[in-house]
Amino acid sequence: MRVIIQPDAGAVAEKGAKVIADLVRSKPNAVLGLATGGTVVRCYEELIRIARAENLDFSQVRTFNLDEYVGLDDDHSQSYHRFMREHLFNHLNFNLDHCLVPDGMTQDYEAYCDWYEDQIRRAGGIDLQLLGIGRDGHIAFNEPGSSLGSRTRLKTLTQETIEDNARFFGSADAVPRLAITMGVGTILESRRCLMLATGSSKAAAVGAMVEGPVTAQVTASALQLHRDVTLVIDAEAASWLRRRMYYQQVEEAERSLTTTRREPAR
Ligand code: F6R
C-alpha cells in the first residue's frame, strides 16, 4: 500500500483529483468506481477544475458508485444519485447512461444486486475505485463484521455511521437504516484503489486499516490484500500511524527517482 501524507485536506483533494484525471487522460474509456460523502467533495471540485482547464473528455467514461440508501429516490436531497449529479456528473460531459448508482428503490434487492455486479463485469471491471473510510473502518457501507468476500448487497448501517451521516439529514432519526453497497470482494477486484481520508476523526480508522490486522471488524483493512492501493491522507488523519516517518521517506525516495528519470545527467 502506498501511503501519501499531505499537509492538509486541500492537498489531499488535489492529489486525488490528479490521479483520476491522469487515468482519464491516458484511458478515455476508463471505468471509475466512485464514492460520495464529505471527503470526496473537494476532490470532485478539483477534478472539475482540472478537466475544464484541459478540456478532458469524460464522454466515454463509465462509472459505478459504491452505494445508495434504501428508500431514497433519485431526486431525494440526500440520495447519492443526487449527490453525484450535483457534485460531479452535471459539471462535466459524462454520458449519464453510463453512470450507475445503485437503485435504493428497487423491490427485488437480490436480483438488482446481481444485476449491478454483472454490469461491472460487462464493463470490463473497475480500473480505479475511489474510496473514503468511515470512523468504524468501513469502506462503502461494509460495516464491521461484513464478509471480506462480500458482493453487492443490502446492508444495515451501524449506529456510528447513522450518527456520522446525521449531519447531512438534520437528525439521526432521518438517516435510512439500510443501504445497497458494493461488497468488500467487489472492491478488491478493482484494478486500483484510491482512498482519501482527512481530519483527526479518521485517524484511528486509518491506523487500524494500514497497520492493524486484516479483519472483518475493520473492512478497510482488507485493502492490505490488494496489490495496488494508494492512500492519500492529511497530517491529522495520519496521526495514529506509527510508521508515518517511513511512509514519508518512501515518498521522498520515489520523488528523487522520478526526478532522476525525468532529468537524465547531462
Ligand atoms: C460513500 C461511502 C462511505 C464514505 C465514508 C466516509 O459512498 O462509501 O464509505 O466514503 O463513510 O464518509 P465521509 O467522507 O463523509 O466522512
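Begin by selecting Glu-189 and Arg-151 in this predicted model, where the two side chains form a salt bridge whose closest N and O atoms are 3.0 Å apart. With both residues displayed, trace the backbone outward from each, and you will see that the pair links distant parts of the chain, 38 residues apart. Glu-189 sits in the loop between helix H6 (184–188) and strand E9 (193–197), while Arg-151 lies in the loop between strand E6 (128–131) and strand E7 (153–156). If you turn on a surface, Glu-189 counts as exposed, at 54% relative accessibility, whereas Arg-151 is partly exposed, with a relative accessible area of 29%.

Next, stay in the loop between H6 and E9 and select Arg-192, together with its salt-bridge partner Asp-228, for which the closest N and O atoms are 3.8 Å apart. This pair, too, links distant parts of the chain, since Asp-228 belongs to the loop between helix H7 (203–211) and strand E10 (229–234), and the two residues are 36 apart. Arg-192 is partly exposed, with a relative accessible area of 26%, and Asp-228 is likewise partly exposed, at 32%.

From there, select Lys-18, Asp-22, Arg-25 and Glu-54 as one group, which salt bridges with shared partners join into one network.

Now move to helix H4 (residues 109–122) and show the side chains of Asp-118 and Arg-121, which meet in a salt bridge with an N to O distance of 3.7 Å. Why can these two be found about one helical turn from each other? Asp-118 and Arg-121 are separated by about one helical turn because they are three residues apart in H4. On the surface, Asp-118 is partly exposed, with a relative accessible area of 25%, and Arg-121 counts as exposed, at 51% relative accessibility. The count of salt bridges in the model comes to 16, among them the one between Asp-118 and Arg-121.

For the last stop, leave the salt bridges and select helix H2 (residues 38–54) with helix H3 (residues 80–87), which pack at an angle of about 35 degrees with their axes 10 Å apart. Which residues meet where H2 and H3 are in contact? From H2, display Val-40, Val-41, Tyr-44 and Ile-48, and from H3, display Phe-83, Met-84 and His-87, which they meet. Coloured by class, this contact of H2 with H3 shows six nonpolar residues, one polar residue and no charged residues.

Technical notes:
Residues numbered from 1 in each chain as written. Predicted model: local features only at pLDDT ≥ 70, side-chain atom pairs only at ≥ 80, totals over all residues. Heavy atoms only, no water. Salt bridge = Lys/Arg side-chain N within 4 Å of Asp/Glu carboxyl O. Helix = DSSP H or I, 4+ residues; strand = E, 2+ residues; numbered from the N terminus. Buried < 20%, exposed > 50% of the residue type's maximum accessible area, 1.4 Å probe, protein only. Axes fitted to C-alpha atoms, helices over the stretch in contact; angles between N-to-C directions. Contact = heavy atoms within 4.5 Å. Nonpolar A, V, L, I, M, F, W, Y, C, P; charged D, E, K, R; others polar.
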